[in-house]
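Got the viewer open? Let's take a walk through this one, picking a few side chains at a time and looking at what turns up.

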Amino acid sequence: MSEQLLFLDFEFTMPEDRSMPEQFRPEIIELGLVSVIDGEIFDRLSTFVRPMRFPTLTERCKNFLQIRQEDVDAGISFRELVETLQTYVELCPTTPVTWGNADLQVLRENCSHAGLPFPFDRRERDLSLEYKRFFGNRQQTGLWKAIEEYGRTGVGRHHRALDDALTTVEIFRMIEKDKEYLNRRERMTLGDRVDLEDVWKKLHDWQVKTAK
């Protein structure tokens, strides 16, 4: 049976300052999605989403994300967002993959507030945590810093949802390739590690030399 990895990135609303007003809760305003089925990109999706509780974006949010008010005003509803995610989940067994845990935490909170079911029934994969453990880092690394550490650059522009989702796919593939390489090395035999023909030649030369 086919398996789907659903790479997700959301952009959220932001308060005007960092004090986080008591009633403020972040809401999803942009979705970036990349569906990978059996290792191949099956589909990708980018869309804006209309926020429910705080429909007017703050200046800080617009400036930081480079998103215009008219972009989100023309977006889909949050209900349509959840229904869209559910259509992907229905394709085949699906695991959501994100960089960090904030995306799905906000999705859960938004679903709870809207009275809608959380669309995923499988445990998600936090690729930033996998990256941290794989490389033995003490702290989690940002998405674009991580891909730069691989000597690559991110796709498109940082903090655009689809670009970040595609960048996450790229890092995922590089990590998986590194894991395969390490697994192969662990299974190497003595013959893989040492050129036995060269060893026998050197032994023969030594025996000839000592026999003289």
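Start with Glu3, which is partly exposed, at 36% relative accessibility. Before you zoom in, keep in mind that you are looking at a predicted model. Now add Arg122 to your selection: the two make a salt bridge, with the closest N and O atoms 2.9 Å apart. Arg122 is also partly exposed, at a relative accessible area of 32%. Trace the chain between them and you'll see that they link distant parts: Glu3 sits in the segment before strand 1, and Arg122 in the loop between helix 4 (102-114) and strand 5 (125-126), 119 residues apart.

How many salt bridges are there to look for? The count comes to 12. Here are a couple of others to visit.

Select Arg53 and Glu109. Their closest N and O atoms are 2.8 Å apart, in another salt bridge. Arg53 is in the loop between strand 3 (40-48) and helix 1 (59-65), while Glu109 belongs to helix 4, so this pair ties together parts that are 56 residues apart in sequence. Arg53 is partly exposed, with a relative accessible area of 23%, and Glu109 is partly exposed at 29%.

Next, go to Glu130 and Arg125, whose side chains meet in a salt bridge at 2.8 Å, N to O. Is each partner buried or partly exposed? Glu130 counts as buried because its relative accessible area, 18%, is under the 20% cut-off. Arg125, at 24%, is partly exposed. Keep both selected and add Glu176 and Lys179: salt bridges that share partners join these four residues into one network.

Time for helix 4 itself. Show it as a cartoon and run a distance from its first C-alpha to its last: you should get 18 Å over 13 residues, close to the 18 Å expected at 1.5 Å a residue. Now colour its buried residues, which are Asp103, Leu104, Val106, Leu107, Asn110 and Cys111. Turn the view so that you look down the axis of helix 4. The buried residues fall within an arc of 155°, so they line one face of the helix. Here's some background on that kind of pattern: an α-helix has 3.6 residues a turn, so residues three or four places apart point the same way.

What do the buried residues of helix 4 pack against? Bring up strand 1, strand 2 (28-37), helix 3 (78-89) and strand 4 (94-98), and you have the answer. Then step just past the end of helix 4 to find Gly115, which takes a positive phi of about 70°.

While you're in this area, select Arg108 and Phe118. The charged end of Arg108 sits over the ring of Phe118, 4.4 Å from its centre.

The last stop is the aromatics. A search of the whole structure finds 8 aromatic pairs. One of them is Phe7 with Phe172, arranged edge-to-face, 5.3 Å centre to centre and with 70° between the planes. Phe7 lies in strand 1 (residues 4-12) and Phe172 in helix 7 (residues 161-186), so the pair ties together parts that are 165 residues apart in sequence. Both rings belong to buried residues: Phe7 has a relative accessible area of 1%, and Phe172 comes in at 11%.

To finish, select Trp99, Tyr131, Phe134, Phe135 and Tyr150 together, and you'll have one aromatic cluster on screen.

How values were computed
Residues numbered from 1 in each chain as written. Predicted model: local features only at pLDDT ≥ 70, side-chain atom pairs only at ≥ 80, totals over all residues. Heavy atoms only, no water. Phe/Tyr/Trp six-rings, centres within 6.5 Å; stacked < 30°, edge-to-face > 60°. Helix = DSSP H or I, 4+ residues; strand = E, 2+ residues; numbered from the N terminus. Buried < 20%, exposed > 50% of the residue type's maximum accessible area, 1.4 Å probe, protein only. Lys NZ or Arg CZ within 6 Å of the ring centre and 35° of its normal. Expected span 1.5 Å × (residues − 1). Arc of directions from axis to C-beta. Contact = heavy atoms within 4.5 Å.
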